[in-house]
Amino acid sequence: MSEHIGKLERFRAKLLAEPDGGHAVVVPADVRTRLGGPARLRVRGTISGVDFRSNIFPYGGIPYLGIHKATVQKGKLRGGEEVDIKLEIDSQPRS
């Protein structure tokens with residue numbers, strides 16, 4: 001997060017681990033509302049101090065933040081643990 005481009009949102013959440021190896025956190029409704037934008041929103045930030053870029057996506061009416069496997073490994077994170085999230089809208093192009 002070297003260049004701050006928008007409002008930084010902070011929250012704590014439980015890291016959810018799916019049987020297929022995927023990870024995500026539920027984004028609190030008030031945080032999602034403050035971020036605005038489309039239903040599927042590109043974001044960047046940190047999870048327990050590790051930089052990431054990802055998307056918030058709705059599933060069953062609940063906003064989830066997908067956490068990439070490389071981010072989980074780099075941060076030595078485990079499913080079920082509480083993590084600190086800082087995020088903001090990511091308007092930079094992705095390759």
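Asp 84 counts as partly exposed, at 41% relative accessibility, where partly exposed denotes the range between buried (under 20% relative accessible area) and exposed (over 50%), computed with a 1.4 Å probe on protein chains only. This residue belongs to a predicted model, in which local features need pLDDT of at least 70 and side-chain atom pairs count only at pLDDT 80 or more, while totals for chains, interfaces and linings use all residues. Residues are numbered from 1 along each chain as its sequence is written, and side-chain values use heavy atoms, with hydrogens and water left out.

## Salt bridges

Asp 84 forms a salt bridge with Arg 12, and their closest N and O atoms are 2.6 Å apart. A salt bridge here is a side-chain nitrogen of Lys or Arg within 4 Å of a carboxyl oxygen of Asp or Glu. Because Asp 84 lies in strand E7 and Arg 12 in strand E1, the pair ties together parts that are 72 residues apart in sequence. Arg 12 is also partly exposed, at 48% relative accessibility.

The structure holds six salt bridges. Among them are the following.

| Pair | N to O distance |
|---|---|
| Asp 84 and Arg 12 | 2.6 Å |
| Glu 88 and Arg 44 | 3.2 Å |
| Glu 9 and Lys 7 | 3.8 Å |

The side chains of Glu 88 and Arg 44 meet in one of these salt bridges. Glu 88 lies in strand E7 and Arg 44 in strand E4, so this pair ties together parts that are 44 residues apart in sequence. Glu 88 is buried, at 0% relative accessibility, and Arg 44 is buried as well, with a relative accessible area of 6%.

In the pair of Glu 9 and Lys 7, Glu 9 counts as buried at 3% relative accessibility, whereas Lys 7 counts as exposed at 53%. A network of salt bridges links Lys 7, Glu 9, Asp 30 and Arg 34.

## The sheet

Strands (E, at least two residues) and helices (H or I, at least four) are DSSP runs, numbered from the N terminus. Two strands pair if DSSP finds at least two bridges between them. Seven strands form an open sheet with antiparallel pairing, in the order E1-E7-E4-E5-E6-E3-E2. Its edge strands are E1 and E2 (16–17), each of which pairs on one side only.

At one edge, E1 (residues 9–14) and E7 (residues 82–89) pair in the antiparallel sense over six bridges. Glu 9 has Leu 87 as its bridge partner in E7. Strand E4 (residues 41–47) also runs antiparallel to E7, to which five bridges join it. In that pairing, Gly 45 stands opposite Leu 87 in E7.

At the other edge, two bridges join E2 to E3 (residues 23–26), and these strands run antiparallel. Ala 17 stands opposite His 23 in E3.

## Loop residues with positive phi

Two loop residues deserve separate mention. Ser 48 is not a glycine, yet has a positive phi of about 50 degrees. Ser 48 is placed in the loop between E4 and strand E5 (50–59), and is partly exposed, with a relative accessible area of 36%.

Lys 76, likewise a residue other than glycine, has a positive phi near 50 degrees. Lys 76 is found in the loop between helix H2 (69–74) and E7. With a relative accessible area of 71%, Lys 76 is exposed.
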